[in-house]
There are 2 protein chains.
Amino acid sequence: MYSDIEGAAKPAAEICERIWLSIAERRLRPGTRLKEEQLAEIFAVSRARIRQALAVLEGDGLVTILPNRGAFVAEPSIEEARDVFHVRKFIEARVIERLLARTGEADIPRLEAHLEEERAANARGDTSAAIRLSGGFHLLLAELSGSDFLLRVLHDLVSRSSLITAVYRNRDGHNCGPDDHGALIRSIAEKDSPRAQATMREHLDHVEAELDLDTDLVPAADLRQALIGPTGMIQ
Amino acid sequence: MYSDIEGAAKPAAEICERIWLSIAERRLRPGTRLKEEQLAEIFAVSRARIRQALAVLEGDGLVTILPNRGAFVAEPSIEEARDVFHVRKFIEARVIERLLARTGEADIPRLEAHLEEERAANARGDTSAAIRLSGGFHLLLAELSGSDFLLRVLHDLVSRSSLITAVYRNRDGHNCGPDDHGALIRSIAEKDSPRAQATMREHLDHVEAELDLDTDLVPAADLRQALIGPTGMIQ
DNA sequence: CCACACAGTATTGTCTACAAACCTGTAGTC
DNA sequence: GACTACAGGTTTGTAGACAATACTGTGTGG
């Protein structure tokens, strides 16, 4: 997820990865305060490195930074969740369009190798790896599409999706089922662009359907709303 | 453009704004090296502030940072340009969809006030203001849509579009004509979502059509390609 | 005369120390 | 008894200095 970030500072990407995984695994709940010095001690690095890691995570929508206040695990709203998935459907359709427009003969083996890793992680119950690889599959597609821009946008979207899934998922299923990814690879191998795009759309619909985006039980997004309610009256 | 960035450090946003405007006005050409100390002296701030400004600009695709090498004004490829406009059409359609789904009675005056500013800037030949307000119109729509996520994504897209327009525009016209924005406001006022979305799409098509995205005359994107050519043979 | 290696210079990356802002708890006053 | 003002402590923001890395120019060997 963050391992492919360019830069001499390898540890910074590692810190992002660890924090991101902790959020995706629900070990860090939304709203949790992330003190810089505390993180610096945990990761045994200087505060400066923590600061730039937090800045990256803020850019990906995983943490919210309030000036002079500190960093907190972000709390995506239901509307944001819908927007993210809405946009993802278009972006990933474009990714597949670009992917199939390329030569792309050598891509299938790489995709299947990735899928195999996913299956192995699921088989041995390695949740961390499963989450990481699940998002990584979509990023691999974007990478193979050859568009740096789409890769960047999708990185952002996948990152946000991880947080959204952690907050709103209604059962303990993983982000994306490997079966869906397998079907996706088959569609791509057939080089039928409209059909592959449709498969992707169904896959994302499927992921979105596993979320509780209908309830108003947003988990303490705002203290005021959580205690008083939207109307402003004490309930 | 960058003026609404949250944060105690107001100057950082100002630096981003100045650099962005210089790029959009073609005062800074793609590939230009941006030395930190030099910028620090120009803006009379510390190098640390420059670094974080450059990091923000890199996130918006305006500059490219090479580790241990420095920051350079980015050089968007033609394919990236197409991707950006392709994505913009979907994002801005979504913005309008969300905007009209809201109550949005008080929005029209704000949009018209903004349009008036645009016209005034154009009338007095203030290119800086015209560029700033032209992008700002689209950001205002996103802001009025009420979606922080869409606003963020669109900020990124508008930013990249500015650079793309600066590189590839085939005449001296501004980014967006105010007339198009006027038609857009009328469509929105009528609360006919499909029609307003179509108007937006036409507007973006219009902007894209003013770019030279067919030529292979990418202005020195890569020194090797610029001097030797894609085939690798001396021409 | 050309190619390679080396050293000097300049620029970036990182760390540590200081200053400013915010929150919490306490004392004073109406 | 409750509200306001103030002080202490904690946390973030900023600046400056040091170390690492990459580029440029010169010298030497073939």
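Is B:Glu58 buried, exposed or partly exposed, and how many C-beta neighbours lie inside 10 Å of B:Glu58? Here are some notes on that residue and on the rest of the structure, which is a predicted model.

1. On the opening question: B:Glu58 has 14 C-beta neighbours inside 10 Å, so B:Glu58 counts as partly exposed. A residue needs 20 or more such neighbours to be called buried and 12 or fewer to be called exposed, and 14 therefore belongs to the class in between. You will find B:Glu58 in helix α3 of chain B, which covers residues 47-59.

2. Staying with B:Glu58, leaving out residues up to four places away in sequence, the contacts of this residue are B:Val63, B:Thr64 and B:Ile65. For orientation, B:His114 is 56 residues further off in sequence, and the C-alpha atoms of B:Glu58 and B:His114 are 28 Å apart in space.

3. Now the overall make-up of a chain. Chain A has 10 helices and 3 strands. Read from the N terminus, its elements follow the order α-β-α-α-β-β-α-α-α-α-α-α-α. Of the 235 residues in chain A, 38% are buried. If you take the contacts in chain A between residues at least 6 apart in sequence, 70% of them link residues at least 24 apart.

4. How are the two chains related? Chain A superposes on chain B after a rotation of 180 degrees with a shift of 0.1 Å along the axis, and the RMSD is 0.1 Å. That is the relation of a two-fold axis. In chain A, A:Phe90 has the C-alpha nearest the axis, at 3.6 Å. Both copies use the same surface, as 100% of the contact residues of chain A recur in chain B.

5. The interface itself deserves a look. In it, 21 residues of chain A are in contact with 21 residues of chain B. On the side of chain A that touches chain B, the elements giving two or more residues are α3 (47-59), α4 (78-101) and α7 (148-168) of chain A. The most come from α4(A), which gives 9 residues. By class, this side of chain A has 10 nonpolar, 5 polar and 6 charged residues.

6. One helix pair across the interface is worth following in the viewer. The axes of α7(A) and α4(B) are 8 Å apart, and the two helices pack at an angle of about 40 degrees. That makes α7(A) oblique to α4(B). From α7(A) come A:Asp148, A:Phe149, A:Leu150 and A:Val153, which meet B:Glu80, B:Asp83, B:Val84 and B:Val87 in α4(B). This contact comprises 5 nonpolar and 3 charged residues, with no polar ones.

7. Helix α4(B) also packs inside its own chain. The axes of α4 (residues 78-101) and α7 (residues 148-168) of chain B come within 10 Å and cross at roughly 140 degrees. That makes α4(B) oblique to α7(B), and the crossing of the two is left-handed.

8. Which residues make up that contact within chain B? From α4(B), they are B:Ala81, B:Val84, B:Val87, B:Arg88, B:Ile91, B:Arg94, B:Val95 and B:Arg98, which meet B:Leu150, B:Val153, B:Leu154, B:Leu157, B:Arg160, B:Ser161, B:Ile164 and B:Tyr168 in α7(B). The residues of the contact divide into 11 nonpolar, 1 polar and 4 charged. B:Val84 and B:Val87 meet α7(B) here, and B:Val84 and B:Val87 are also among the residues that α7(A) meets across the interface.

Methods: Residues are numbered from 1 along each chain as its sequence is written. Chains are lettered from A and ligands numbered from 1 in the order in which they are written. This is a predicted model: local features need pLDDT of at least 70, side-chain atom pairs count only at pLDDT 80 or more; totals for chains, interfaces and linings use all residues. Two residues are in contact if their C-beta atoms, placed from the backbone, lie within 7 Å. Helices (H or I, at least four residues) and strands (E, at least two) are DSSP runs, numbered from the N terminus. Ala, Val, Leu, Ile, Met, Phe, Trp, Tyr, Cys and Pro count as nonpolar, Asp, Glu, Lys and Arg as charged, and the others, Gly among them, as polar. Copies are superposed by least squares on the C-alpha atoms of residues with pLDDT of at least 70 in both. Axes are lines fitted to C-alpha atoms, for helices over the stretch in contact, and angles run from 0 to 180 degrees between N-to-C directions. Angles under 35 degrees count as roughly parallel, over 145 as roughly antiparallel, 65 to 115 as roughly perpendicular and the rest as oblique. A crossing is left-handed if the near helix is turned anticlockwise from the far one by less than a right angle, and right-handed if clockwise.
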